[in-house]
Amino acid sequence: MAKQGRARVLSEHEFRRVVRNQKGEKHGFRNIALLHFSFYLGLRAKEMASLKIVDVMDDEGRLKEEIVLRKHMTKGEKVRTVYLTNTKVKKALKVYLDHRRKVEKTLFPNSHLFRSQISGKFSPNTMQMLFSNMYESVGIYGASSHSGRRSFATRLLEQGVGIKSVQTLLGHSSITTTSIYAEDNPRLLANISKNLKI
């Protein structure tokens, strides 16, 4: 369980359970892509809501290798590069975009990547609500749109990725913010103690 005020970290099993539950749902392709962007790229709700098709696809209709999050898209107005290289993320995104192409016939570059049912675009708040609903629909409580981001950071640290690299991927201004993910993780701290060389 997460500490009070902090989103719950999800296991790989829990993530797969949420994804499975979205298969066959009306907006399942979109929601599965969103879950992958959160869990494997560590994006915030505001960042996912701000993305447009042009951010992930080039003029030839190919997926880009890098997503540049501009100042207006991020917390603290800090430009950050996200690497669209994970095969699971690319597959989920491609399936979603192929589905949209079938429905809409044409994908307009400046159209929002993740479209809401009502207004055509998500606000950060409606994006957060969507994630909470997806988790609660499979009985996962205490999770939020930030859970994917925390899970992403936690897995990187557990796999031995340096904290400075994790800081860069998350777009944290201060390494102190990133270090909270390590301090909250008893398994990681136990591994550090176990592997200590004197």
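## Aromatic pairs

Two rings of Phe, Tyr or Trp count as a pair if their centres lie within 6.5 Å, and a pair whose planes are over 60 degrees apart is called edge-to-face. In this predicted model, ring pairs of this kind link F15, F39 and Y40 into a cluster, and a search of the whole structure finds 6 aromatic pairs.

Within the cluster, the ring centres of F15 and Y40 are 5.4 Å apart and the planes stand at 90 degrees, so this pair is edge-to-face. Because F15 belongs to helix 1 and Y40 to helix 2, the pair ties together parts that are 25 residues apart in sequence. F15 is buried, with a relative accessible area of 5%, and Y40 likewise counts as buried, at 11% relative accessibility.

A further aromatic pair, formed by F131 and Y135, is tilted, with 6.2 Å from centre to centre and 45 degrees between the planes. Both of these residues lie in helix 6, where they are 4 residues apart, or about one turn of the helix. F131 is buried at 0% relative accessibility, and Y135 is buried with a relative accessible area of 2%.

## Helix 2 against helix 7

F39, a member of the ring cluster with F15 and Y40, also has R155 lying over its face, at 4.1 Å from the ring centre. These two residues take part in a contact between helices: the axes of helix 2 and helix 7, the latter spanning residues 145–158, come within 6 Å and cross at roughly 35 degrees. Helix 2 contributes S38, F39, Y40 and L41 to this contact, while helix 7 contributes S145, G148, R149, S151, F152 and R155. Sorted by character, the residues of the contact divide into 4 nonpolar, 4 polar and 2 charged.

## Nonpolar cores

The largest nonpolar core has 42 residues, and those with the most contacts inside it are F37, L51, L113, F114 and M127. Two or more residues of this core come from each of helix 1 (12–22), helix 2 (28–41), helix 3 (45–50), helix 4 (53–56), strand 1 (66–69), helix 5 (87–104) and helix 6 (124–136). Helix 2 supplies the largest share, namely 8 residues.

When its neighbours within four places in sequence are left aside, F37 is in contact with G42, L43, M48, L51, I67, L84, V89, L93, L113 and F114. Apart from this core lies another one, of 7 residues, among them F152, A153, L156 and Y181.

## The loop after helix 6

I140 is found in the loop between helix 6 and helix 7, and at 1% relative accessibility this loop residue counts as buried. Which residues is I140 in contact with, leaving aside its neighbours within four places in sequence? They are R8, L10, E14, R17, V18 and Y135. In the case of R17, the two residues are 123 residues apart in sequence and 9.7 Å apart in space, taken from C-alpha to C-alpha.

## The chain as a whole

The protein chain comprises 10 helices and 2 strands, and from the N terminus on its elements run α-α-α-α-β-β-α-α-α-α-α-α. Of its 198 residues, 44% are buried. Among the contacts in the chain with a separation of 6 or more, 59% are made by residues 24 or more positions apart.

How values were computed: Residues are numbered from 1 along each chain as its sequence is written. This is a predicted model: local features need pLDDT of at least 70, side-chain atom pairs count only at pLDDT 80 or more; totals for chains, interfaces and linings use all residues. Side-chain values use heavy atoms; hydrogens and water are left out. A nonpolar core is a set of buried Ala, Val, Leu, Ile, Met, Phe, Trp, Tyr and Cys residues joined through side-chain atoms within 4.5 Å. Buried means under 20% relative accessible area, exposed over 50%, partly exposed in between (1.4 Å probe, protein chains only). Contact means heavy atoms within 4.5 Å. Rings of Phe, Tyr and Trp (its six-membered ring) pair if their centres lie within 6.5 Å; planes under 30 degrees apart count as stacked, over 60 as edge-to-face and the rest as tilted. A charge sits over a ring if NZ of Lys or CZ of Arg is within 6 Å of the ring centre and within 35 degrees of the ring normal. Axes are lines fitted to C-alpha atoms, for helices over the stretch in contact, and angles run from 0 to 180 degrees between N-to-C directions. Ala, Val, Leu, Ile, Met, Phe, Trp, Tyr, Cys and Pro count as nonpolar, Asp, Glu, Lys and Arg as charged, and the others, Gly among them, as polar.
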